[in-house]
Amino acid sequence: SQSGTLYGRSASSLVYLDGGTFNLAGGVIENSEGNHAVSSNAEKARANIINMTGGAILGSGVSSGTNRGGGVSLSSGTFNMTGGCIAGNTGVTTGGGVFLDGSATANINGGVIAGNKGGVNGGGVYASSGCTVNIKDAVITGNTAEGHGGNIYGVSAAITLDGGASVAHGHAKGCGGGIYGWGSTSVLAKGNSLIYDNYANN
């Protein structure tokens, strides 16, 4: 997609991958009454690829139920983001902006993930066990969680911040307004990356 708006009220996803590739270079995707804007087959053998170089994923995910990843829900494969915006999405349980599972990898090398909400954990990005999150020259800001990890939540995941990456202004009602790592999660911040002005109630 390079322009225009893809708007819907799908109960599931507006874009669903089953071993395919989706390229978003412009325009807007909004699924105001569905679980996700973009999601994939949970089968780990599927080589799903999402490339986001521009555009926006906005206001997706419902406020009730059990959905994970209101904006992007990737259960296997790779999410590459170099531009654009993922904002105002809701994950009823986890991952308001981006949810990763099944050893998925997110390379967030630009763009903004902002103002998303996790009903439990991980308002901006939620990475399950075995997943990898590489953030470079991107902004993760103003995301909130009712539980832990306002901006980012990892469960035995590998998280790296590099270049001009910024994780800021996150809020968690539990712990880890900026980043919360559970289990064997590793967090490496290098380069000129910044983690600042995050807030947690506990």
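**Exercise 1. Cysteines**

How many disulfides does the structure hold? Determine the number and describe the burial of C131 and C175.

Solution. The model is a predicted one.

Step 1. A disulfide is a covalent bond between the sulfur atoms of two cysteines. The search criterion is a pair of cysteine sulfur atoms within 2.5 Å. The structure holds 0 disulfides.

Step 2. C131 has a relative accessible area of 1%. The cut-off for buried is under 20%, so C131 is buried.

Step 3. C175 has a relative accessible area of 27% and is therefore partly exposed.

**Exercise 2. Overall form of the chain**

Describe the secondary structure, the dimensions and the surface of the protein chain.

Solution.

Step 1. The protein chain contains 0 helices and 27 strands.

Step 2. For 202 residues, a compact globule would have a radius of gyration near 17 Å. The value for the protein chain is 15 Å, which agrees.

Step 3. Along the principal axes, the C-alpha atoms occupy a box of roughly 35 × 35 × 30 Å.

Step 4. Of the 202 residues, 50% count as buried. The accessible surface is about 7,700 Å², and carbon and sulfur atoms account for 47% of that surface.

Step 5. Take the contacts with a separation of 6 or more: 79% of them are between residues 24 or more positions apart.

**Exercise 3. Salt bridges**

Find the salt bridges in the whole structure and state which parts of the chain they tie together.

Solution.

Step 1. The search of the whole structure returns 2 salt bridges.

Step 2. One of them pairs the side chains of E146 and K117, with an N to O distance of 3.8 Å. E146 is in the loop between β19 (144-145) and β20 (152-155), while K117 is in strand β15 (residues 117-118), so this pair ties together parts 29 residues apart in sequence.

Step 3. E146 also meets K173 in a salt bridge, at 3.0 Å from N to O. K173 belongs to the loop between β23 (171-172) and β24 (179-182) and E146 to the loop between β19 and β20, so the parts tied together here are 27 residues apart in sequence.

Step 4. Through shared partners, K117, E146 and K173 form one network.

Step 5. Relative accessibility is 35% for E146, 37% for K117 and 42% for K173. E146 is thus partly exposed, K117 is partly exposed, and K173 is partly exposed.

**Exercise 4. Nonpolar cores**

Which residues touch the most other members of the largest nonpolar core? Trace the contacts of I86 and look for another core.

Solution.

Step 1. The largest nonpolar core has 35 residues, and those touching the most other members are I57, F79, I86, L100, I108 and I135.

Step 2. Set aside the neighbours of I86 within four places in sequence. I86 is then in contact with M52, I57, V72, F79, M81, G97, V98, V112, I113, A114 and N116.

Step 3. Another core, of 5 residues, lies apart from the largest one and has F99, Y126, V155 and Y180 among its members.

**Exercise 5. Positive phi values**

Examine the backbone at D137 and S156.

Solution.

Step 1. Most residues other than glycine have a negative phi.

Step 2. D137 is not a glycine, yet its phi is positive, at about 60°. D137 sits in the loop between β17 (132-136) and β18 (139-141). Its relative accessibility is 47%, so D137 counts as partly exposed.

Step 3. S156, also a residue other than glycine, has a positive phi near 50°. S156 is located in the loop between β20 and β21 (158-162). With a relative accessible area of 22%, S156 is partly exposed.

**Exercise 6. Surroundings of S193**

Is S193 buried or exposed? Locate this residue and list its contacts.

Solution.

Step 1. S193 is in the loop between β25 (186-189) and β26 (194-196).

Step 2. Its relative accessible area is 16%. Buried means under 20%, so S193 is buried although it lies in a loop.

Step 3. Not counting residues up to four places away in sequence, S193 touches L161, D162, G163 and A165.

Step 4. S128 is 65 residues from S193 along the chain, and their C-alpha atoms are 23 Å apart.

Terms used. Residues are numbered from 1 along each chain as its sequence is written. This is a predicted model: local features need pLDDT of at least 70, side-chain atom pairs count only at pLDDT 80 or more; totals for chains, interfaces and linings use all residues. Side-chain values use heavy atoms; hydrogens and water are left out. A salt bridge is a side-chain nitrogen of Lys or Arg within 4 Å of a carboxyl oxygen of Asp or Glu. Helices (H or I, at least four residues) and strands (E, at least two) are DSSP runs, numbered from the N terminus. Buried means under 20% relative accessible area, exposed over 50%, partly exposed in between (1.4 Å probe, protein chains only). A nonpolar core is a set of buried Ala, Val, Leu, Ile, Met, Phe, Trp, Tyr and Cys residues joined through side-chain atoms within 4.5 Å. Contact means heavy atoms within 4.5 Å. The radius of gyration is taken over C-alpha atoms; the globule rule is 2.2 Å times the number of residues to the power 0.38. Accessible areas come from the Shrake-Rupley method with a 1.4 Å probe; for residues, only the protein chains shown count as cover.
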